[in-house]
Structure formats: C-alpha cells, structure tokens
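Open the model in your viewer and keep the selection tool at hand. This tour goes from the whole chain to its pockets, its cavities and a few backbone spots.

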Amino acid sequence: MCGLVGYTGKRSVVDILISALGRLEYRGYDSAGIAINQNNELIVDKSKGLLINLQKKLAGQKYEATSGIGHTRWATHGEPNEQNAHPHISQNGHIALIHNGIIENFGKLKASMSDILFKSETDTEVVVQLLGKQITTKSDGNHILRVISEVCQQLRGAYAFGIMVAHIPDKIFFAKKGSPLIIGCGKEENFIASDIPAVLPYTNKVIYVKDNELGVISPNKISIYDFKLQLKNNIIKDINLSPQQVLRGNYSTFMEKEIAQGSYAMINTITNLIKGKILQKIPLAKITDFSNIHIVACGTALHAGMIAKFLIERECRMSVSLDFASEFRYKKPIINKKSLCLFISQSGETADTLASLELAKKQGAYCLAITNVLGCRISQIADYVIYTCAGPEIAVASTKAYVAQITALYCFIERFAKVNDIKIKYDKQEIARLAKKLEDWSTVLEWKNLIPQMCQQESLYFIGRGLDYYLAMEGALKLKEISYIHCEAFAGGELKHGSLALITADSLVIVLLTQKELIDKTLNAIHEIRSRGARVILITQFTYLKNQVDFIITLPAVKDILMPFVAIKPLQELAFLCAKHKGLDPDKPRNLAKSVTVE
Ligand code: AGP
C-alpha cells in the first residue's frame, strides 16, 4: 500500500524521485524517504508526514547522483515516523531497501538475527539485514541476485522491493511477489515503480514484473529472472495514457476533477465495450449455463456490485450471492465448476479481492473481473477481464471509477439478459445519452448553504430503499472517508427496528428517493424521522414532495432503473464539499490509501 520508485540514468535523480513519489502519494502518505548513490556512497533522507516535508528537508541540497530509490509509506508495522520510514539500511551500511507489502514471518526471522541491532519497528528492515549478512563490497551482480533470490524464498507475505548496493552505483535491483511492480523503459535510463503514473512523464513503455521474479536495471539494460535465476523474456507494453491524465490540471484537487469526469468515464467505458466487442467475446456457455452467481469486492467496488446483484435478481430473476472479499475468502463459499464469479476492483491490486479470486479459480469457477487498471494483477488471474475506462483514478475516494463500474455492470447485465432471452428495460446507448446529459450538471450550488450545518453534525444518516439503499451506502462511505463525520446508511424499512433510536431533534437525515414504486414507503420513513423533530434533506426527481421535507436536492428525471447514474453525483459532491469546508485534503484522507495491497 506504499509507493516505491527507482531510477538509474543520466538525470539528477533527486528531482526524478521526488516528482515520481508525488504521483504515487495516493498509495500512502504518512512518511517518505529517498536513498541516492553518490560516488559509491549511499545518502539517505527521510521524513515523517507528507512528501512536502521531505522536499523541504532536501531544499537547497545539491546532489550529482543519477541513481536512487524513493518511497512513500502507508504504515503497517511501526508508527509513521522518520525511523520507520523507508529506505532501510543494512547494518554494514552497504545496502538500501524500499518495500511495498507485508513480511508476515518477520518476527521469526528477526529473532534469528541476534547479532543485528535493528533501528526500526518495521517488518521491512528484516529483509535488508538478511541481505546485508551476505552482500559485501566484493559481491558482484550475480552474487547479489543469488542472495536476493535466497532471501526472498525465506519470506512469507507480499512484497515489491527496490534495492541499492553502494559499490554498484548505476544498478537498481528489484524483486516481486504479490505487490505491484513495473519497469519503465527509457532511452539510456530506466525506472522501477509501484504504478504507471510514476514513470508516465518520462516513458510510456513499461514491463509488468510478475510474481516470483527479480532482476536488475541499469541505464542501458533490464534483466529479469525467476527465483531460479532463469532469464525471463521482457514483454514491453505501450501504455496509452498521457501524462496530463495523472495531473490535476485546472482543478484544485483530483477528487473534484474525477467527480467531473463521471460522464467521460461512462462514455469511454461504453465506447470500449462496443468497439472491442468485449461482452460478445465472453464464452456464451459461461453466462448461460451456470449453477450460481457470486459478486465479490471491497468498499466502493462492492457498493457497485450491490446494484448489479439487485438488477440481476429483479430483472433476470436469478439469485446472486454478494460478499465482502475479506469475508468471502474465509467463509468457505459454495463454489464449483459451474459457478460464475464477478470480481470488481478499481485498482485490480486489492489483496482480499485477489485472494478471493484465486480461491474461486482453484475451485473451478469461471471468474470475470471488472477493473480500471491495464495489466493489474486481477487482470493476470481472471478468466476474462472487462475494463472500465475511467482513466487513472488518483484521489483515494473512488468516484469516477464507481460510475464506470456501474456502467460496465449495466452493460454486462444487458448482454447477460440478452443471451438468456430476457427483455431488459434499458440499453447501453441510452446510458451513453444520459452521460452526455449529466456532463455539465452539478448540485454544488444546491448543497452550498447546507454544508456548514452538515459539518456541525456529530453523525449524519443516509436512508434509502432498494437501489436507493445501495446508493445511500456509497454516499455514507464517501462522506465518512474524506470528511471524518460519522455516517451510517439505513434501509428505509429497517428504521423502526432499531436505528430510529438514534434520531433526535438535532439529527439531519439524507433521504434518497428515486424509485416511483417506493415513494409511499419512503415517505413513511420520512414522517417517522420528522415526527422526532429531525430535519430531512431529500435527494429526488419527485420535486412535488418538497413540502414534506426540510430541504430538497433536485435530480434530473430519467427512467427509475437508470437513476443510480444520476443520484450518485450529488453524493460525491456532498462529500467533497464537506471535506473542503472542514479544510481537509479530499485526495489524501487520514489512515487510508488508494489500493489496499495488504490483508
Ligand atoms: C473507496 O473510496 C475506497 N477507496 C475503498 O473503499 C475502495 O473502494 C476499496 O479499497 C476497493 O478498492 P478497489 O476497487 O481498488 O479494489
């Protein structure tokens, strides 16, 4: 869940490392550090907190070094401070190492090194100390690779490593298992990185390093091996992304930019599905002849899955089981060769979702993945991949990717219904037209006067029924994760079974009502809430209901079944406005990171 980068070439490495870490900071931002090799000496600088603190520390220092490694951290072992920040240095001062992942057996390994004075509380330091025990100033490249392979085979857990050795200044060594790692291929320069945004301003030619691979880059050479040190073929892929796509552009934050890109994400996803005939290429038997359907994901991706479960069950009359991936992998799910499983993940790197996918595959299920990142791990494991084309999503709170996920799911369900001879009430062209209609629509002005009092609230409640309940859950997640206001979503009919006890005359409740058939039932909940003195904000297209509530956020009216595409935007804008009002950084909420690559 950290961001790592390495560079060797002709340019001043400090600038490269800092700018690349800036584009990886969404992966973790509680401390940062770099190690550069200047005249066979490793120079290390680290700092607690955001990358800017390290930049301030480095300001004014001049370095000629042209190779180095850098890291931005999301703490798993050891509190976020300078001591625990990466890179970690071996006791002999000869090796610097950065790591993304978790070493689960670090305790046992640490106990076996009683002669080492550990400087940090991290799991990672164990690895550099193990390397330091064998790598000396006399070690050549082959010996170093052998030692890295030996050490990696002692480790349990997930890792991507970047390693520098003082007496070999222009080489960066690396190894990977479980955590993402790419190589950026340049002219007389090369990079390693956790993700593509880091290298995009310099090259769009990348190699995806696979699990149980290690290797070394130098300015003019890239060598990848398996753990038996057999040379591997380097498949260089051209990435069709422009550097602008990973920059904020004229927006103050990535979240604001990405909310505004919702329609673009819908249209791009549909265009890709149509142009690539993506859904038509799914083996027919797999979506017509199956015994059960499972949808598995985490966080916002699971909320998109909930909409899909609702639509498949109601429109296609087939039951669907839906699970948090972190629960699915330990509940011994009923999976067999006739199971159809959908795994949804923006990053395609989420550890729990990946482990659930591996479990389902092992049990013979046909596994479809819906993901937003080309070449991510989920795309390497799944039987078939449906890409959402939302473009890189940088802000930790997922917005445009959610919209692209429900777009892909609606289109998949349209295809699913068609091949199972079921008539469905919408088609992808209709969704594309709706996306155009929503392009310039925003509720920022409607929310503005409500934001100050909402930010005063200790708790905020979201209510909805059916599709609106799943939207309410996503609305609550967005608001809590970036404004730190305690939020909960309740199914409208469940209120009187307990949650109503939370409602007082000071409460402010956000009610979603976009489904005609649920107006009366949802009005019951509104009356129950208001009769306790609480105030209600209604998000709806049924504006004639405004006299029955305290405030209304008006939605453009479209078919009820397509209303999730409309109602999600005010929920995303609300969260953004509350975070801004509270002076918080909506892009980097505390304690979170963009892709959760550890369990
Ligand atoms: C959403 O805003 C969060 N960032 C988080 O819940 C996220 O949806 C979850 O971690 C799943 O991520 P994924 O889609 O990359 O697998």
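Helices and strands here are DSSP runs, numbered from the N terminus: a helix has at least four residues, a strand at least two. Counted that way, the protein chain has 19 helices and 24 strands. Keep in mind that this is a predicted model.

**Stop 1: the whole chain**

Show everything as a cartoon. The C-alpha atoms fill a box of roughly 80 × 55 × 45 Å along the principal axes. How does the radius of gyration of the protein chain agree with that of a compact globule? A compact globule of 599 residues would have a radius of gyration near 25 Å, and the chain has 25 Å, so the two agree.

Now colour by burial. Of the 599 residues, 62% count as buried. Switch on the surface. The chain exposes about 23,100 Å², and carbon and sulfur atoms supply 52% of that area. Then think about contacts. Among those with a separation of 6 or more, 71% are between residues 24 or more positions apart.

**Stop 2: the largest pocket**

Select I196, L241, N372, V373 and L374. Of the 39 residues that line the largest pocket, these lie nearest its centre. The pocket holds about 690 Å³ of space.

Next, highlight α7 (262-275) and α12 (377-381). Each supplies at least two residues of this lining. Which element gives the most? The answer is α7, with three residues.

Colour the lining by class. You should find 19 nonpolar, 13 polar and seven charged residues.

**Stop 3: the second largest pocket**

Select C298, G299, T300, K594 and V596. They lie nearest the centre of the second largest pocket, which is lined by 28 residues. Its volume is about 580 Å³.

Four elements are worth showing here: α9 (299-316), β17 (339-345), α11 (351-362) and α17 (467-483) give two or more residues each to the lining of this pocket. The most come from α9, with three residues. By class, the lining of the second largest pocket has 12 nonpolar, 11 polar and five charged residues.

**Stop 4: the largest cavity**

Pockets are open; cavities are closed to the probe. Rolling a probe the size of a water molecule over the atoms shows where empty space is left. How many cavities of 30 Å³ or more are there? The count comes to two.

For the largest cavity, select I259, A260, G262, S263, M266, V403, L438, F565, I568, K569 and Q572, which line it. The space inside is about 100 Å³.

Turn on α6 (254-260), α7 and α19 (564-581). Each supplies at least two residues of the lining of this cavity. Here α19 gives the most, with four residues. You have met α7 already: it also gives residues to the lining of the largest pocket. The lining of the largest cavity divides into seven nonpolar residues, three polar and one charged.

**Stop 5: the second largest cavity**

Move to C2, R73, W74, A75, T76, H77, H86, H99, G101, T122, D123 and T124. These residues line the second largest cavity. Its volume is about 60 Å³. Which classes make up its lining? Three residues are nonpolar, seven polar and two charged.

**Stop 6: a cis peptide bond**

Stay with H86, one of the residues that line the second largest cavity. Show the backbone and step on to P87. A cis peptide bond joins H86 and P87, with omega at about 5°. P87 is in the loop between β4 (67-73) and β5 (88-89).

**Stop 7: two positive phi angles**

Select E188. Look for it in the loop between β9 (182-185) and β10 (190-193). Phi of E188 is near 55°, a positive value in a residue other than glycine. Is E188 buried or exposed? E188 counts as partly exposed, because its relative accessibility is 45%.

Finish at L229. This residue is in the loop between β13 (221-226) and β14 (237-238). Phi of L229 is near 65°, again positive in a residue other than glycine. With 27% relative accessibility, L229 counts as partly exposed. Partly exposed covers the range between under 20% for buried and over 50% for exposed.

Definitions and conventions: Residues are numbered from 1 along each chain as its sequence is written. This is a predicted model: local features need pLDDT of at least 70, side-chain atom pairs count only at pLDDT 80 or more; totals for chains, interfaces and linings use all residues. Side-chain values use heavy atoms; hydrogens and water are left out. On a 1 Å grid over the protein atoms alone, a cavity is a set of points where a 1.4 Å probe fits but cannot get out, and a pocket is an open set with protein on both sides within 12 Å along at least five of seven lines; lining residues have an atom within 4 Å of a point. Grid points are joined across faces, edges and corners, and a volume is the space filled by probe spheres set on the points. Ala, Val, Leu, Ile, Met, Phe, Trp, Tyr, Cys and Pro count as nonpolar, Asp, Glu, Lys and Arg as charged, and the others, Gly among them, as polar. The radius of gyration is taken over C-alpha atoms; the globule rule is 2.2 Å times the number of residues to the power 0.38. Buried means under 20% relative accessible area, exposed over 50%, partly exposed in between (1.4 Å probe, protein chains only). Contact means heavy atoms within 4.5 Å. Accessible areas come from the Shrake-Rupley method with a 1.4 Å probe; for residues, only the protein chains shown count as cover.
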